[in-house]
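Thanks for coming. I will take a few minutes to walk through one structure, and you can follow along on the screen.

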Amino acid sequence: MNKLNQPGPVRCSCCSWPGSRQAQQDPLFPGECPARPRGSSPGLRVMCRRCCKHLWAQGCPLGFSSHPSGGWDGFLGFLQSLGAVFSFISKDAVAKVTLLETHRQRHNFVSLQSMVEQELSAGPAALRARPDSGCRTVLRLHRALRWLQLFLEGLRSGDPRTSVLCTDAYNASLAAHHPWVIRKAATLAFCALPSREAFLEVMNVGPPEEAVAMLGEAIPYIRDVYGITEELFERHKLLDLP
Ligand SMILES: CCCCCCCC/C=C\CCCCCCCC(=O)N[C@@H](COP(=O)(O)O)[C@H](O)/C=C/CCCCCCCCCCCCC
């Protein structure tokens, strides 16, 4: 039976995220993530989950639930598997995802858009004064997503120097928003990154050329997700939340 005609929630066959009613009624809703990788790497499953533009744009509950069906757990596990040198990064990511998940459950947000609307309802000044708002937390992860996009584009290009790729991606995205000490610590950590082969292998989608092909499919979705968030935050003047 067509997934759109099924009673109950439609689930992405890739990540099992249950689509919202709005998403289910949308003829564009694919019922599965178009960036579905063929392998089972937690890191890439997460990338895939997070990069389904339909789910994100049309009702994915913020798109970064830490619930197993939400996807972040896998990526964070991947980050943690990189070792102690990356723990200050993974701890920050875990803290931010946990905060967002708490907000999502408390307020029943069904989408990024609904979170922005709700948090702005008290006025922009009140939102700017909140150190724990969902919007400022999403903004930090949104900037990290830009890093991810640039880094994966570099990996796909064939350049074997992962540390250089990572540093360049960082300098073109997150670095401008970090104090000196964080920039130094991040740049040092990047020196400990595994090789390009190891990255492609951990994606677990087969030989390197298949992993590269999968990146070619997934990166456009990352760009879309980034663009959707950027446009939303720009429209509401939230791109410089302190
Ligand atoms: C809406 C977007 C959803 C999806 C986003 C997915 C992005 C996945 C990419 C990377 C995961 C790492 C997440 C790191 C988040 C860093 C956020 C940040 O900028 N935090 C700083 C500011 O926070 P506040 O103090 O204002 O609350 C914080 O000071 C930073 C702490 C740690 C250093 C962060 C360095 C980030 C380097 C990112 C590269 C990750 C390297 C992984 C190697 C595979």
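I will go through the nonpolar cores, then one helix, then the salt bridges.

Please keep in mind that this is a predicted model.

Let me start with the cores. The largest nonpolar core has 29 residues. Within this core, the residues that touch the most other members are Trp-147, Phe-151, Leu-152, Leu-155, Tyr-170, Phe-190 and Leu-215. Which helices supply at least two residues each? They are α8, residues 134–157, α9, residues 162–171, α10, residues 180–190, α11, residues 196–202, and α12, residues 208–235. Of these, α12 gives the largest share of the core, nine residues. Another core, of 16 residues, lies apart from that one. Among its members are Leu-100, Leu-139, Leu-141 and Leu-238.

Leu-100 brings me to helix α5, where it is one of the buried residues. Helix α5 covers residues 87–107, which is 21 residues. From its first C-alpha to its last it reaches 30 Å, close to the 30 Å expected at 1.5 Å a residue. Besides Leu-100, the buried residues in α5 include Ser-90, Ala-93, Lys-96, Val-97, Glu-101, His-103 and Arg-104. Where do the buried residues fall when seen down the axis of α5? They fall within an arc of 160 degrees, so they line one face of the helix. On the other side of α5, Lys-91, Gln-105 and Arg-106 are exposed. Just after the helix comes Asn-108, with a positive phi of about 55 degrees.

One residue of α5 deserves a second look, and that is Lys-96. Is Lys-96 buried or exposed? Its relative accessible area is 16%, and buried means under 20%, so Lys-96 counts as buried. If we leave aside its neighbours within four places in sequence, Lys-96 is in contact with Thr-137, Arg-140 and Leu-141. Leu-141 was also on the list for the core of 16 residues.

Lys-96 also takes part in a salt bridge, with the side chain of Asp-92, at 2.9 Å from N to O. As background, side chains of opposite charge can pair when their charged atoms come close. Both Lys-96 and Asp-92 sit in α5, four residues apart, which is about one turn of the helix. Unlike the buried Lys-96, Asp-92 is partly exposed, with a relative accessible area of 39%.

How many salt bridges does a search of the whole structure find? The search finds seven. I will mention some of the others.

The side chains of Asp-240 and Arg-128 meet in a salt bridge, 3.1 Å from N to O. Asp-240 is in the segment after α12 and Arg-128 is in helix α7, residues 124–128, so this pair ties together parts that are 112 residues apart in sequence. Asp-240 is partly exposed at 48% relative accessible area, and Arg-128 is partly exposed at 35%.

Next come Glu-153 and Arg-223, whose side chains meet in a salt bridge at 2.9 Å, N to O. This pair also links distant parts of the chain, with Glu-153 in α8 and Arg-223 in α12, 70 residues apart. Glu-153 is partly exposed, with a relative accessible area of 25%, and Arg-223 is partly exposed too, with 41%.

Finally, Glu-119, Arg-130 and Asp-132 are linked in a network of salt bridges.

That is where I will stop.

Terms used. Residues numbered from 1 in each chain as written. Predicted model: local features only at pLDDT ≥ 70, side-chain atom pairs only at ≥ 80, totals over all residues. Heavy atoms only, no water. Core = buried A, V, L, I, M, F, W, Y, C linked by side-chain atoms within 4.5 Å. Buried < 20%, exposed > 50% of the residue type's maximum accessible area, 1.4 Å probe, protein only. Expected span 1.5 Å × (residues − 1). Arc of directions from axis to C-beta. Salt bridge = Lys/Arg side-chain N within 4 Å of Asp/Glu carboxyl O. Contact = heavy atoms within 4.5 Å.
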